Amino acid sequence: MKQLITRARRGLREEMRLYLVAVSSLAVAFLCLGGALLALTNLSAVARAWGQSSRMTVYLRDGAEAEDVTQLRASVEGLPEVRSVEHLSSDEARAQFLEHSDVEPGLAALPAEVFPASLEITLAQGVAPSRTARIAERVAQFRAVSDVETYRGWFSRLESLLQAGRAIAGVLALLVALCVLAVIGNTIRLAVARRREEIEVMKLCGATDEFVRGPFVLEGTFQGFMSALISVVVLMGGFMLVRDELDATVAALTGVRAAFLHPLALVGLTLGGAAVGALGSALSLRRYLLV
């Protein structure tokens, strides 16, 4: 093993420029895949949070009588599917919006009357969409109600977006794998061509295919691993730079803070890069070992 690592290190030093070009090119491909996975991770978190919360917002008419609002709230709280009800006045709705949003000074000066008072309803988990729709229809008939938002349309569009995102991420992962196989395969072929005489001498001296192949496979593994690792570091740096801005805008609208890739996804990305690099290197060597 020590001799294998020593020979691989020597190969990396001798082909440094060639390998740097390959690693930088592959890092861009892995960065695209990591970005798609990051977007998919956060969209899934939003869909999961909204699906579990089963929220409903009941907007109240301007000037609604307090007695009507009280009657409406008591009726809603009496439903077995309702877990909690929170009354937000116009002032509270405005304060909540400004607290969770990074808005322009002009928007911050908007009066409280622009923000309608509402009842924020949280339904119990497992309530069927059809039952939620029937509850919304019943609530909308109260005199104090202006509009009812169940978020089902938005949630359905988000589910469609997630399905499309998963398909795109799958295709992107396949393209990245093919790209890694092609780039590392060509890189290793060039390195083998430059060391062809050395390989021929080793084979004539009785060296086995495994002995000759070992350092090249290790070099391909290193290229794939470093490409994936560099893409993860760059992606994490970019995410940290824009995280505060994302939390100030997207999180204010969705209630879900931006999150980076799960550690298991990071391990899978880097180890997957190393595995594909090793495979690309091994496949490219088959013809050159027939000496």
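Which helix holds Leu43? In this predicted model, the answer is helix H2, which runs over residues 16-53. Leu43 is neither fully covered nor fully open: its relative accessible area comes to 27%, so it counts as partly exposed. Setting aside the neighbours within four places in sequence, Leu43 touches a run of leucines, namely Leu158, Leu161 and Leu162. With Leu158 the link spans a good stretch of chain, since the pair sits 115 residues apart in sequence, yet the C-alpha atoms of Leu43 and Leu158 are just 7.8 Å apart in space.

Stepping back to the whole protein, the secondary structure adds up to 10 helices and 4 strands. Going along the sequence, these elements come in the order α-α-β-α-β-α-α-β-α-β-α-α-α-α. Of the 291 residues, 38% are buried. Links across the sequence, like that of Leu43, also show up in the overall count: among contacts between residues at least 6 apart in sequence, 84% join residues at least 24 apart. As for the outside, the protein exposes about 16600 Å², and 61% of that area is supplied by carbon and sulfur atoms.

Next comes helix H3, made up of the 12 residues 66-77. From first C-alpha to last, H3 reaches 16 Å, close to the 16 Å expected at 1.5 Å a residue. Which residues of H3 are buried? They are Asp68, Val69, Leu72 and Val76. These four lie on the same side of H3, because they cover an arc of only 100 degrees around the axis. The general geometry is familiar: an α-helix has 3.6 residues a turn, so residues three or four places apart point the same way. On the other side of H3, the exposed residues are Ala66, Glu67 and Thr70.

What covers the buried residues of H3? The cover includes all of these elements: strand E1 (55-60), strand E2 (82-88), strand E3 (118-123), helix H6 (129-140) and strand E4 (145-149). Asp68 is the charged member of the buried set in H3, and it counts as buried because its relative accessible area is 12%, under the 20% cut-off. Beyond its neighbours within four places in sequence, Asp68 is in contact with Arg143 and Ala144.

Helix H6, part of the cover over H3, has a buried residue of its own in Thr132. Here the relative accessible area is 6%, so Thr132 falls under the same 20% cut-off. Apart from neighbours within four places in sequence, Thr132 is in contact with Met56, Leu123, Val127 and Thr150.

The surface has a feature of its own too. Phe225, Leu229, Val233, Val267 and Leu271 form a nonpolar patch there, and together they have about 410 Å² of accessible area. Two elements give two or more residues to this patch, helix H9 (209-254) and helix H10 (263-285). Which of them gives the most? That is H9, with 3 residues. Phe225 is one of the patch residues and lies in H9. With a relative accessible area of 31%, Phe225 is partly exposed.

Methods
Residues numbered from 1 in each chain as written. Predicted model: local features only at pLDDT ≥ 70, side-chain atom pairs only at ≥ 80, totals over all residues. Heavy atoms only, no water. Expected span 1.5 Å × (residues − 1). Buried < 20%, exposed > 50% of the residue type's maximum accessible area, 1.4 Å probe, protein only. Arc of directions from axis to C-beta. Contact = heavy atoms within 4.5 Å. Patch = residues over 30% accessible without salt bridge, like charges linked within 9 Å, V, L, I, M, F, W, Y side chains within 5 Å. Areas by Shrake-Rupley, 256 points an atom, 1.4 Å probe, with all protein chains shown as cover. Salt bridge = Lys/Arg side-chain N within 4 Å of Asp/Glu carboxyl O.
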